[in-house]
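User: Could you take me through one part of this model in detail? I would like to look at the open sheet and then at what lies around it.

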Amino acid sequence: MHIAIICSTKDQASMNIKEQLLPYFKKINKTFENHKIYEKQNNENTLTLYTTEIEPVYCENIDKKIQANLFIFATKHVSKSGIHSLSVHFPGNWGKAELGGKDKKLCIANASFLKKAFLELNKLNTDYEIIQEATHHGPYLKKPAIFIEIGSDKKQWKDKTAGKYIADTILKITEKNPKYKTVIAFGGLHHSPNFKKILLDTEFAVAHVCPKYNLENLNKDMIEQSIERTNEKVEYIILDWKGLGQEKNRIIKILNELNVTYKKSKEF
């Protein structure tokens, strides 16, 4: 399996993570956008480290320039709350594309890799909050893609320890390709607190997450797309029951029409 790790010169956290990754890679005789390319081989995968001049959320169609089975974007996380966090999520837009990507288009989620990253980050003895965010922003790719991030301001983006945490996590999750049963989740807050126990305490990975603020965009087509654009077989839709708000009855009606099995998050 070929895994592409994407870092951007427009992103301080990305350059921090790249610096921590480089000691484990060897330079090869190729360039990408005038930047050196680095490579690492392990038992199961070939890892290639690329540097781009484009902000990660706008790296549209980078999968046409780079041949890989999985794209890992190592980036910054921005949050108004200012909470120190190490986060993972899938790219895609449930509604209008306001930060890269395409309107109502989700990327392919490899939920097993994301769960493995989440578990590795949770092993750390750190003050950083570990979160899986809802699916959001660009770019739009036709290959599986994961964002793994340092948040949420300049001080954290430049934190070498945080950069090492993310670099080590990338190396660990790519050593041996993980495989977990998988669910999709609807409702609740952007940082998915009610789905965290599923990731930590069950055999299930969580693929695409549609939070409460995006539920109005969750129609039949988007639900079907979230299932189709998950690498693994989707066992259930998990619902944050209280976090569905006024959209609850409408969404349940659609799930029943689609004959999709769903469960409440508290059942896990």
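Analyst: Happy to; here is the sheet, followed by the core and a buried glutamate. This is a predicted model, in which local features need pLDDT of at least 70 and side-chain atom pairs count only at pLDDT 80 or more, while totals for chains, interfaces and linings use all residues. Residues are numbered from 1 along each chain as its sequence is written, and side-chain values use heavy atoms, with hydrogens and water left out.

The open sheet has four strands in the order 10-9-11-12, paired in parallel. Strands here are DSSP E runs of at least two residues and helices are H or I runs of at least four, numbered from the N terminus; two strands pair if DSSP finds at least two bridges between them. Strand 10 (204-210) and strand 12 (262-264) each have a single partner strand, so one side of each lacks a neighbour in the sheet. On average, neighbouring strands are turned by 30 degrees against each other, direction ignored. At one edge, strand 11 (residues 234-239) joins strand 12 through three bridges in the parallel sense, and L239 stands opposite K264 in strand 12.

Helix 7 (residues 220-228) lies across strand 9 (181-186), strand 10 and strand 11, and runs at about 155 degrees to strand 9. Such angles run from 0 to 180 degrees between N-to-C directions, with axes fitted to C-alpha atoms, for helices over the stretch in contact.

Now the packing. The largest nonpolar core (buried Ala, Val, Leu, Ile, Met, Phe, Trp, Tyr and Cys residues joined through side-chain atoms within 4.5 Å) has 67 residues, and L21, L86, I150, I170, F186 and L218 have the most contacts inside it. Helix 5 (residues 160-173) gives the most to this core, with seven residues. Leaving aside residues up to four places away in sequence, L218 touches W94, F186, C210, I223, R250, I251 and I254, where contact means heavy atoms within 4.5 Å.

Finally, E133 sits in the loop between strand 7 (129-132) and strand 8 (145-152). E133 has a relative accessible area of 2% and is therefore buried (under 20%; exposed is over 50%, partly exposed in between, with a 1.4 Å probe and protein chains only). Its side chain makes a polar contact with that of H190 at 2.8 Å; this term means N or O atoms within 3.5 Å, where within protein one must be able to donate a hydrogen and the other to accept it, and residues adjacent in sequence count only if both atoms are side-chain atoms. Beyond four places in sequence, the residues touching E133 include H77, E149, H191 and V209.
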